[in-house]
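Thanks, everyone, for making the time. I would like to walk through one structure with you, going from its charged pairs to its chain contacts and then to its internal spaces.

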Amino acid sequence: MADFLSTYGSLIVSMILAAMLGLSLYLPLMSGQLSLAGAGFYALGGYIAAILSTKVFTTYSGDLYPVSYVLIEMIVAGIAAGALAVIVGILALRLRGVYLALATIAFVEILRVLSLNIDITGGAIGIFGVPQPFGTPIEYLWIALPMLLLSMLFVYRLERVRTGRALIAIREDELAAESIGINPTYHKVLAFMLSAILAGCVGALSAHVLNTWNARQGTFDAAIGHLAFVLVGGSRTFAGPVVGGLALTLLPEALRQLAGINGLPPWLAQFLREGRLILYGLLIVLGAINFPQGLITPAMFKHHRAAKDPTT
Amino acid sequence: MTDAPILSASPILSASSVTHAFGGLIAVDGVSISVQRGEIFGLIGPNGAGKTTLFNIMTGLIAPNRGKLFFEGRETTRLPPYRIAERGIGRTFQNIRLFGELSVLENVMTGRHTRTHSNVLSGVLGLPAARAEERATRQQAMQLIDRIGLTDRAHVRAGSLPYGDQRRLEIVRALALEPRLLLLDEPAAGMNTREKQALSDFIRQVRNQYHLTIVIIEHHMPLVMGLCDRIAVMNFGQLIAIGVPAAVQRNPAVIEAYLGSRKFVDR
Amino acid sequence: MSKQRSFVVNLMVAVSASALILAACSSATTPNAAVSPTTAPGADAKGDAIPIGIGVAQTSNVALFGQDQVAGAKIAEKWINDNGGINGTPIKLVLQDTAGDENGAINAFQSLINQSKVVAIVGPTLSQQAFAADPIADKAKVPVVAPSNTAKGIPQIGPYIQRVSAPVNAVAPNALKAALKANPDIKKVAVAYAQNDAFSKSETVVFQSVVTSELKLELVTVQTFQTTDTDFTTQATNLLNAKVDLVVISGLAADSGNLVKQLRDLGYKGLIVGGNGLNTPNLFTVCKAQCDGIFVAQAYSADTDNPVNKAFRDAYMADQKKTPSQFAGQTFTGVQVIAEALRAVDKKSKLSGMTLEQIRTELNSTLKSGMKFTTPLGVISFDNQGEILQTQFYVAQVKMDADGKAGKFVFLNN
Amino acid sequence: MDATLLLQQILNGLAIGSVFALFALGYTLVFSILRVINFSHAAVFTLGAYFTYALTGGAFGFNGLLANAQLPFGLPFPVALVLGNILAGLTAMGIERLAFKPLRARGADPLLALVSSLGVAVVIVNLIQYLVGAELYTFPAETYGALPPAVNFGTAEHPVQVRTTQLIMFVVSLVVLIALTLFINRTKIGTALRAVAEDETTARLLGIDTDKLILLTFFLSGFLGGIAGTLVGASVSISGPYFGIAFGLKGLAVIILGGLGSIPGAVVGGLAIGLAESFVPGQYVAYKEAVAFAFLFIALLIRPQGLLGRAVIRKV
């Protein structure tokens with residue numbers, strides 16, 4: 001078991017981070033807004049944590065970086081990302097559908113080029129030597145797991161209260177929502193901001209998990225990856241993005257491990273090693289085609305909900 | 001057979017010379033209407049006469065090119081739809097617009113958005129005030145659902161309801177925001193005679209119970225004639241007649257409009 | 001699709017996913033089932049091969065380098081085993097693809113360290129990846145020899161990190177001096193670099209400071225580009241308009257080659273100095289005849305005169321039909337120094353009697369002991385921080401055949 | 001000096017802009033018919049270049065499964081360009097069958113096509129790498145015969161140098177664009193294509209075989225994308241399996257800027273971004289990558305439907 005955890009500690013943590021990034025993209029999607037800006041806020045959060053931990057919070061006792069500092073960084077990152085999101089959101093959320101998606105991609109690209117050009121972000125090399133609050137990667141679960149559970153609980157609760165219903169109403173029919181008094185801009189910006197806060201916090205933690213941070217973290221590719229988490233996992237319930245994030249992060253690594261199984265014919269082992277991304281792509285295609293609703297659909301929970309609900 | 005309308009001196013809704021054009025097509029052309037508090041006001045006319053556009057202008061979905069709108073004496077001309085809803089105008093749509101993935105109950109609870117205030121944090125954290133509000137909202141919504149006999153289907157996806165139930169649900173969702181003015185866009189479309197009668201009774205009931213003013217677009221003449229206190233007739237974007245049902249029915253311009261367009265189908 | 005079916009299908013996916021995970025776990029234990037974490041791999045009665053990890057980018061957009069690194073490593077494996085292995089015990093490479101990102105590097109390193117139980121790792125390909133993955137190896141006390149991480153700060157990541165890739169400030173200036181020697185009239189200089197590449201960014205800083213501070217030349221313009229760029233007309237036009245006598249390019253082979261090609265197409269006649277990223281025959285396929293005359297500072301020369309390099313070069317030429325690149329040479333060196341340090345450790349006390357931890361620690365301290373290695377890079381050693389102490393650097397000038405089909409680096413005496 | 005620089009920048013911008021336009025047209029054609037963005041388009045761009053390279057008799061490198069492979073014949077470049085990109089077009093048809101049609105048949109969320117086509121892109125890129133490695137490939141110098149490397153449009157004192165490959169890029173793009181416009185506006189199939197783009201249901205009722213038209217659209221899209229890839233590959237070099245990715249992103253900016261689904265919009269957008277990039281002043285060239293997107297972001301805020309897109313009327 002110890003062996004397992006030391007081998008897969010980083011992977012498990014990155015799976016959980018991915019699940020949260022999926023959730024972050026799911027939040028605006030609750031109100032029907034496909035925003036890919038999350039990758040930009042993720043990058044921003046990472047830079048904030050990397051800069052704070054290497055340049056500001058440099059005095060602490062002991063070998064390990066205090067966990068409390070990490071939490072402070074996450075709060076700062078969340079606030080900064082949330083504030084930026086309000087500005088970007090007010091500008092961009094007038095756009096709909098693909099236009100919004102592309103405008104947010106433009107935002108991500110602009111941030112990336114900016115981070116390559118300004119000094120504080122370290123250009124292409126980025127910021128390295130981000131201090132470690134834990135002795136082994138798996139211990140990041142102390143922060144990541146509660147964070148995932150809390151954000152899941154948050155979204156679960158959100159879907160069942162006034163604000164969440166308003167978001168879903170906007171997704172289902174924006175005009176009808178407006179005509180019963182729901183302010184769509186306010187709610188879209190709110191969801192966008194919540195999404196940015198989560199992405200910013202995840203970025204802050206990721207900078208520690210990765211030991212380093214650079215401009216390659218928040219890119220178009222990353223944004224599309226997050227989208228795949230949601231669409232493969234399912235976009236109609238918060239469990240979808242979580243499962244999608246976990247599964248799609250695990251998949252290439254699981255394929256890597258398959259290559260290591262003893263007794264495989266050499267050509268197959270070689271294919272699994274070097275061509276595993278071919279399989280990965282193929283599985284994404286097949287997943288999309290066979291599960292147009294995503295792996296997890298609300299219908300899967302409805303049985304339980306109907307049976308348990310006393311008001312029925 | 002109609003209840004006596006509770007008329008007051010000042011109109012609850014008034015439109016003055018409202019005009020709107022889509023591209024070159026003038027959909028609403030200088031329409032001025034006043035709706036009195038408490039009345040059931042019919043809006044009829046051939047397809048494409050501009051009735052729904054007028055509704056959309058009244059509820060802020062479309063901004064008029066010219067003209068002004070007043071609700072309860074305050075101007076609403078350029079307000080966004082949600083502000084107008086907050087002021088107390090509820091509406092339904094010609095082609096039903098429910099939140100299909102939400103349950104019947106959730107649809108009606110969402111209708112109470114402007115009457116509730118808990119914010120995202122108090123809601124998610126389940127603070128006592130938010131919980132109490134949520135409970136009250138649920139109760140009020142269930143009462144409304146009771147009225148249309150959907151109690152046992154409260155947890156069904158709204159999109160999966162039969163057509164007639166969806167129409168009724170949409171009315172109830174609009175009622176949930178406690179409007180003082182309710183705009184119904186062809187609420188009886190697709191219903192059979194018996195259902196239409198029941199709907200007619202239901203509309204009258206809610207008007208009396210909640211002291212509502214109702215404006216209704218409807219093609220089914222017996223329903224309109226029986227239900228409405230006053231009727232306005234539109235054709236090619238213009239108001240061609242207004243008055244009590246009997247007078248409107250005899251108006252030659254109205255007869256001409258319906259015969260001319262050959263769209264006067266008694267559905 | 002009925003709800004029931006979708007549920008069944010979902011269930012099937014869940015099951016097969018867990019099967020994958022299980023497979024992953026089982027493979028995690030099977031290969032080394034007999035080896036407990038505290039027993040050395042060489043301790044088995046049958047004298048199992050000693051595993052050395054190669055964690056480089058075999059996929060992704062840096063695979064071009066990774067593939068070359070794998071080629072270099074494989075030649076080293078064969079060469080060492082043909083020469084008696086580690087005093088009789090063969091070595092065995094374990095390859096793990098890091099892909100081009102940080103997470104990939106971390107996962108590959110974890111797998112090599114914990115699962116394959118390698119004694120040391122050669123990798124990763126990019127400096128950015130090194131900043132992510134090296135701390136993990138360092139914490140696990142597994143020696144890393146970086147074959148191509150030239151950014152500032154790599155050996156300082158920790159005591160278990162060393163590199164055979166000389167940092168840029170050691171290599172870069174030589175080429176500028178060679179260019180100045182070729183044309184002493186150079187006054188105006190322009191610099192162009194790949195902005196999104198960590199190495200190029202470090203290198204250009206060195207180039208620029210040498211140009212202005214050391215050589216006292218006028219730096220007229222600094223142009224940037226991306227390694228993914230293909231169209232360089234803007235930069236080329238800007239460079240031409242600056243009317244410079246020398247253009248200094250820091251980038252990777254593809255983009256730099258394209259820049260050179262477009263610059264020459266548009267009529268640039270001055271000299272060109274290329275950074276270390278241009279030090280690969282891959283450059284020739286891009287700018288062909290127009291590569292001719294580029295000065296490139298090199299940490300590796302295929303002409304280095306020692307038997308190790310000769311063996312390496314011959315094997316590489318037989319395999320790939322071209323002269324070896326610096327990437328292959330440095331990766332060969334990485335594997336070679338690990339093997340030779342292991343031999344030294346084994347001579348002091350038998351590897352088979354040591355735990356894996358002891359081997360790793362001993363290996364690391366032997367590497368850092370100042371021990372000298374005769375490698376394709378010349379005679380090298382490491383300082384106590386893990387930085388390479390390389391005695392020979394080279395400046396080569398590209399010499400292309402008239403038809404532009406083949407070319408070579410001609411080494412200049414400096 | 002200033003006038004020549006201006007002319008120089010305009011020519012540079014037009015050359016690369018015309019390729020952007022060509023590439024973006026492929027995106028926009030598919031979008032106009034299916035209302036989805038085909039993420040595998042950039043991979044087809046790459047594939048077209050590889051196909052053409054192979055058909056000209058180019059040899060592959062030492063890595064990958066097909067190490068040292070080379071066709072026993074070498075076609076002249078113009079022939080290879082057409083044939084290679086017919087192959088690219090056929091591949092795009094295959095992609096439609098594999099990744100788009102099954103989703104349509106199930107009435108799935110159009111967004112899902114983003115994911116399935118993304119999966120296809122991952123497969124293609126990695127397949128290329130697995131088969132022929134990550135090496136760079138360059139078309140032989142004699143591709144364009146004995147033409148000089150550059151043409152001077154200015155005077156001897158004030159040269160305005162344009163690379164021959166840029167001119168060829170521009171001319172070929174122009175020819176293909178004109179041919180496509182004629183095809184769409186003057187032929188029966190073109191009319192049907194526009195009808196489907198306008199309103200698929202009505203077109204189906206009118207007896208148009210939309211399924212066949214969708215296939216044709218994918219073919220055209222792949223053909224155009226492949227030509228764009230080949231032209232860039234011939235002008236510079238095929239820089240490995242990820243060759244098209246940067247173009248993929250920029251192509252998205254182009255079609256959004258021009259207006260989704262608008263053919264003239266793709267051309268205008270392509271030229272606009274090409275010109276905008278070439279006018280980035282020397283000291284700010286570091287920000288060149290962001291120009292297209294800053295441009296896009298601002299343009300969207302001012303005109304949310306793109307330059308030549310039709311305003312989306314909210315249906316009430």
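Let me begin with the salt bridges: a search of the whole structure, taken over all chains, finds 34 of them. Please keep in mind throughout that this is a predicted model. As a general reminder, side chains of opposite charge can pair when their charged atoms come close.

One of these bridges deserves a moment on its own, and it is the one between Arg165(A) and Glu134(B), where the closest N and O atoms are 2.8 Å apart. Arg165(A) sits in helix H6 of chain A, residues 162-172, while Glu134(B) sits in helix H5 of chain B, and so the pair joins two chains.

That brings me to the contact between chain B and chain A, which takes 34 residues from chain B and 32 residues from chain A. The area buried between these two chains is about 3000 Å², and carbon and sulfur atoms give 60% of it. Looking at the chain B side, the residues that lose the most area to chain A are Tyr82(B), His113(B) and Val124(B), which together make up 22% of what that side buries.

How many salt bridges are there between chain B and chain A? The count is two, and the pair of Glu134(B) and Arg165(A) that I have just described is a salt bridge between side chains of these chains. In addition, 12 residue pairs are in polar contact between chain B and chain A, counting those with both residues at pLDDT 80 or more. On the side of chain B that touches chain A, at least two residues each come from helix H2 (81-87), strand E6 (89-91), helix H3 (104-111), helix H4 (120-125) and helix H5 (128-147) of chain B. By class, the residues of that side are 14 nonpolar, 12 polar and eight charged.

Now I would like to turn to chain A and chain D, where 46 residues of chain A are in contact with 44 residues of chain D. Here the buried area is about 4000 Å², with carbon and sulfur atoms giving 79% of it. Of the area that chain A buries against chain D, 16% is supplied by Tyr99(A), Ile278(A) and Ile289(A), more than by any other three residues.

What does the rule find in the way of salt bridges across this interface of chain A and chain D? The number is zero, although two residue pairs are in polar contact across the interface, both residues being at pLDDT 80 or more. Several helices of chain A give two or more residues to the side that touches chain D, among them H3 (67-92), H4 (97-117) and H12 (276-290). The largest share of that side, 13 residues, comes from H4(A). Sorted by class, the side of chain A that touches chain D has 34 nonpolar, five polar and seven charged residues.

Finally, the internal spaces: there are nine cavities of 30 Å³ or more. I will take the second largest, which holds about 220 Å³ of space. It is lined by 16 residues, and those closest to its centre are Ser148(C), Thr150(C), Phe199(C), Leu252(C) and Phe327(C). Helices H4 (127-139), H6 (198-214) and H11 (326-348) of chain C each supply at least two residues of this lining, and H11(C) gives the most, with three. By class, the lining comprises six nonpolar, nine polar and one charged residues.

Definitions and conventions:
Residues numbered from 1 in each chain as written. Chains lettered and ligands numbered in written order. Predicted model: local features only at pLDDT ≥ 70, side-chain atom pairs only at ≥ 80, totals over all residues. Heavy atoms only, no water. Contact = heavy atoms within 4.5 Å. Buried area = accessible area lost by both parts, 1.4 Å probe. Salt bridge = Lys/Arg side-chain N within 4 Å of Asp/Glu carboxyl O. Polar contact = N/O pair within 3.5 Å; in protein donor to acceptor, adjacent residues only side chain to side chain. Helix = DSSP H or I, 4+ residues; strand = E, 2+ residues; numbered from the N terminus. Nonpolar A, V, L, I, M, F, W, Y, C, P; charged D, E, K, R; others polar. 1 Å grid on protein atoms, 1.4 Å probe; cavity = no way out; pocket = protein on both sides within 12 Å on 5 of 7 lines; lining within 4 Å. Points joined across faces, edges and corners; volume = space filled by probe spheres on them.
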